Amino acid sequence: MRTAAKSPNTTLPRRTQMERRAAAEARLLEAAREIVSRKGWVGMTLAEVGEAAGYSRGLAAHHFGSKPALLRALAAYINQNFMHELERSPPADEGMASLLSFVDVYLGRADGGWTNTRALLVLMAEATTDDSETGESLGRYNQSVIDFLALHFRAAIAAGEMRKGVDPATAAVIVLGALRGVMLQALLKESTVDLRAVQKELSTMIVQSFAQDPDAWQGPRSRNSRSR
């Protein structure tokens with residue numbers, strides 16, 4: 001008599017406590033980002049974030065301790081999401097190519113609701129008030145983005161792509177300010193801003209303003225194409 005064949009063991013391995021914590025924090029941050037993008041953070045409560053994430057009202061407080069701490073984590077989460085989008089874009093050499101790739105990704109993201117951008121702009125606007133709970137953390141976040149762009153301006157100067165008189169930090173502030181200013185206008189109701197046209201024009205402006213020889217610039221090249 002034949003015995004019945006044993007069914008394969010399909011039980012998934014149990015997640016560790018650290019993995020469960022990381023997953024919960026990601027859901028809480030995603031919920032907070034959605035709330036901030038819709039109505040800002042001033043009226044947002046930790047209890048509301050916990051409920052929106054599908055947990056108890058007290059879980060956000062348990063994980064982050066306070067609203068300012070949650071907002072600091074949220075700023076880092078928003079930046080992490082954008083950096084992942086940069087990583088998914090075609091790889092480009094450091095310098096001018098990376099700067100133009102940054103502009104392309106910033107203005108050409110597939111997120112139809114622009115949740116990441118909306119949330120960041122709201123956080124930054126509210127961080128400029130005198131009694132802001134997020135002023136210091138958003139200031140540090142903003143400086144980190146400036147430093148990232150300035151690094152590529154320095155690389156472009158070192159590679160001879162950009163004129164030596166360019167101040168990397170100042171140029172980074174100008175480019176970042178242009179991008180955020182454009183998105184602030186584009187996200188207004190009934191906006192007619194054409195982001196594709198802006199992306200093309202801003203890229204041209206960067207080359208014309210900063211390139212060592214604008215007429216000789218061939219445009220961004222991927223690392224793969226350069227190595228051929």
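The protein chain has 10 helices and zero strands, and the model described here is a predicted one. Read from the N terminus on, the elements of the protein chain run α-α-α-α-α-α-α-α-α-α. Of the 228 residues in the protein chain, buried residues make up 43%. The points below take up the aromatic pairs, the charged side chains, and a few single residues.

**Aromatic pairs**

- The structure holds five aromatic pairs, and one of them is formed by Phe 82 and Phe 102, which meet edge-to-face with 5.1 Å from centre to centre and 75 degrees between the planes.
- This pair links distant parts of the chain, since Phe 82 belongs to helix α4 (residues 67-88) and Phe 102 to helix α5 (residues 96-107), with their positions 20 residues apart in the numbering.
- Phe 82 counts as buried because its relative accessibility is 8%, which falls under the 20% cut-off, and Phe 102 counts as buried as well, at 2% relative accessibility.
- The rings of Phe 153 and Phe 210 have centres 5.3 Å apart and planes at 85 degrees, and because an angle over 60 degrees counts as edge-to-face, this pair is edge-to-face.
- The pair of Phe 153 and Phe 210 also links distant parts of the chain, with Phe 153 in helix α7 (residues 135-158) and Phe 210 in helix α9 (residues 195-210), 57 residues apart.
- Phe 153 and Phe 210 are both buried.
- One aromatic cluster is formed by Phe 82, Phe 102, Tyr 106 and Phe 148, so that the edge-to-face pair of Phe 82 and Phe 102 belongs to a group that also takes in Tyr 106 and Phe 148.

**Salt bridges**

- Side chains of opposite charge can pair when their charged atoms come close.
- The structure holds four salt bridges, among them the one between Glu 25 and Arg 21, whose closest N and O atoms are 3.2 Å apart.
- Glu 25 and Arg 21 are separated by about one helical turn, because they stand four residues apart in helix α1.
- Both partners of this bridge are partly exposed, Glu 25 with a relative accessible area of 22% and Arg 21 with a relative accessibility of 38%.
- Another salt bridge joins the side chains of Arg 33 and Glu 30, with 2.7 Å from N to O, and these two residues likewise lie in helix α1, three residues apart, or about one turn of the helix.
- The partners in this second bridge fall into separate classes of exposure: Arg 33 is buried, with a relative accessible area of 11%, whereas Glu 30 is partly exposed, with a relative accessible area of 29%.
- The side chains of Glu 48 and Lys 39 also meet in a salt bridge, with 2.9 Å from N to O.
- Glu 48 is partly exposed, its relative accessible area being 23%, and Lys 39 counts as partly exposed too, at 45% relative accessibility.

**Positive surface patch**

- Arg 14, Arg 15, Arg 20 and Arg 27 form a positive surface patch.
- Within this group, Arg 15 is found in the segment before α1 (17-39), and with a relative accessible area of 48% it is partly exposed.

**A residue with positive phi**

- Most residues other than glycine have a negative phi.
- Glu 190 has a positive phi of about 60 degrees, although it is not a glycine.
- Glu 190 has its place in the loop between α8 (168-186) and α9, and because its relative accessible area is 80%, which lies over the 50% cut-off, it is classed as exposed.

**Two asparagines**

- Asn 79 and Asn 142 are 63 residues apart in sequence, while their C-alpha atoms are 9.8 Å apart in space.
- Asn 79 has its place in helix α4, the helix that also holds Phe 82.
- Asn 79 is partly exposed, with a relative accessible area of 22%, whereas Phe 82 in that helix counts as buried, at 8% relative accessibility.

Methods
Residues numbered from 1 in each chain as written. Predicted model: local features only at pLDDT ≥ 70, side-chain atom pairs only at ≥ 80, totals over all residues. Heavy atoms only, no water. Phe/Tyr/Trp six-rings, centres within 6.5 Å; stacked < 30°, edge-to-face > 60°. Buried < 20%, exposed > 50% of the residue type's maximum accessible area, 1.4 Å probe, protein only. Patch = residues over 30% accessible without salt bridge, like charges linked within 9 Å, V, L, I, M, F, W, Y side chains within 5 Å. Areas by Shrake-Rupley, 256 points an atom, 1.4 Å probe, with all protein chains shown as cover. Lys, Arg positive; Asp, Glu negative; His and termini not counted. Charge placed at Lys NZ, Arg CZ, Asp CG, Glu CD.
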